[in-house]
Amino acid sequence: MAKGGDVLKPFKIFVGYDPREDVAYEVCCHSILKKASIPVEITPIKQSELRKNGLYWREKDQYESTEFSFSRFLTPKLANYEGWAMFVDCDFLYLADIRELRDLIDDKYAVMCVQHDYAPKETTKMDGAVQTVYPRKNWSSMVLYNCGHPKNSVLSPEIVNTQTGAFLHRFQWLQDDEIGSIPFVWNFLEGHNKVVESDPTTFPKAVHYTRGGPWFEAWKNCAFADLWLKEKDDYQNEAKKAITN
């Protein structure tokens, strides 16, 4: 498989940030860093900073459930249209080494993602946000971008700020054969995907609490809540140690 970029450079990861889910962001980053056997560089995609820097000026859409619903598509721009970079929602918990995911990279694709065939049963998500249903639902929640691919130069701030949700979330700037597939265990949808005990290929490598995670009262008993809460305790203990040292 053709590998993208210089393997000695840190793997760039952009994580969607929403002030309502600050703890989810911190735990997601902690879970990546704790298990990574390669250098990684994590950057939050914060709408307030993007607005300040003139990269984001889009008015809030009624269907946006997070502050990074559209700003996520600035990932290639934020990576200077060079090398490979990953975007991921903050409501993920990594259970495996990010190196395994990076090693799936194939330069022939413009993007790579888990190609879910998914229609949520719930009408609301997280803290009461409306759950919308559309083709390629959840494909854009974790994407490996080949930032230097000519097709991804389309994702300029102008396009990201003016194009429709359908154009962006369905990857309509690309042909189907330019979208590579990643095993579903790297975007394992809590409440949708199933673990088959006798089949290790179904064991999640990254859990996606797409309906809402244990940081919301309504979802504190969701599947894999115990794993997230354990990671949160680990993160908070390390943060306390860093302060006392």
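## Cysteines

Is Cys29 buried or exposed? Cys29 counts as buried, because its relative accessibility is 6%, below the 20% cut-off. Keep in mind that this is a predicted model.

Searching the whole structure turns up 0 disulfides. Cys29 is in none: its nearest cysteine sulfur belongs to Cys28 and sits 5.4 Å away. Cys113 doesn't pair up either, because the closest cysteine sulfur, in Cys147, is 14 Å from its own, too far for a bond. Cys113 is buried too, with a relative accessible area of 0%.

## Helix H1

Cys28 and Cys29 are both among the buried residues of H1. The others on that list are Ala24, Tyr25, Val27, His30, Ser31 and Ile32. What do they pack against? Their partners are strand S1 (11-16), strand S2 (40-45), S4, helix H4 (98-102) and H7.

As for geometry, H1 has 14 residues, which should span 20 Å at 1.5 Å a residue. The end C-alpha atoms of H1 are 21 Å apart, so the two values agree.

## Helix H7

H7 runs over residues 225-244, 20 residues in total. From its first C-alpha to its last, H7 reaches 29 Å, close to the 28 Å expected at 1.5 Å a residue. Its buried residues are Ala225, Trp228 and Glu231. They cover an arc of only 125° around the axis, so they end up on the same side of H7.

Flip to the other side of H7 and you'll find exposed residues: Asp226, Lys230, Lys240, Lys241 and Thr244. The buried residues of H7, meanwhile, pack against helix H1 (22-35) and strand S4 (92-94).

## The largest nonpolar core

Which residues touch the most other members of the largest nonpolar core? Out of 67 residues, they are Met86, Tyr94, Ile98, Met142 and Trp186. H1 supplies the largest share of this core, with 6 residues.

Met142 is worth a click in your viewer. Leaving out residues up to four places away in sequence, Met142 touches Met86, Phe87, Val88, Phe92, Tyr94, Leu101, Met112, Cys113, Val114, Ile182, Trp186 and Asn187. That list takes in Met86, Tyr94 and Trp186, which are also named among the residues touching the most other core members. Cys113, the residue with 0% relative accessible area, is another of the contacts of Met142.

How values were computed. Residues are numbered from 1 along each chain as its sequence is written. This is a predicted model: local features need pLDDT of at least 70, side-chain atom pairs count only at pLDDT 80 or more; totals for chains, interfaces and linings use all residues. Side-chain values use heavy atoms; hydrogens and water are left out. Helices (H or I, at least four residues) and strands (E, at least two) are DSSP runs, numbered from the N terminus. The expected span of a helix is 1.5 Å times one less than its number of residues. Buried means under 20% relative accessible area, exposed over 50%, partly exposed in between (1.4 Å probe, protein chains only). The arc is that of the directions from the helix axis to the C-beta atoms. Contact means heavy atoms within 4.5 Å. A nonpolar core is a set of buried Ala, Val, Leu, Ile, Met, Phe, Trp, Tyr and Cys residues joined through side-chain atoms within 4.5 Å. A disulfide is a pair of cysteine sulfur atoms within 2.5 Å.
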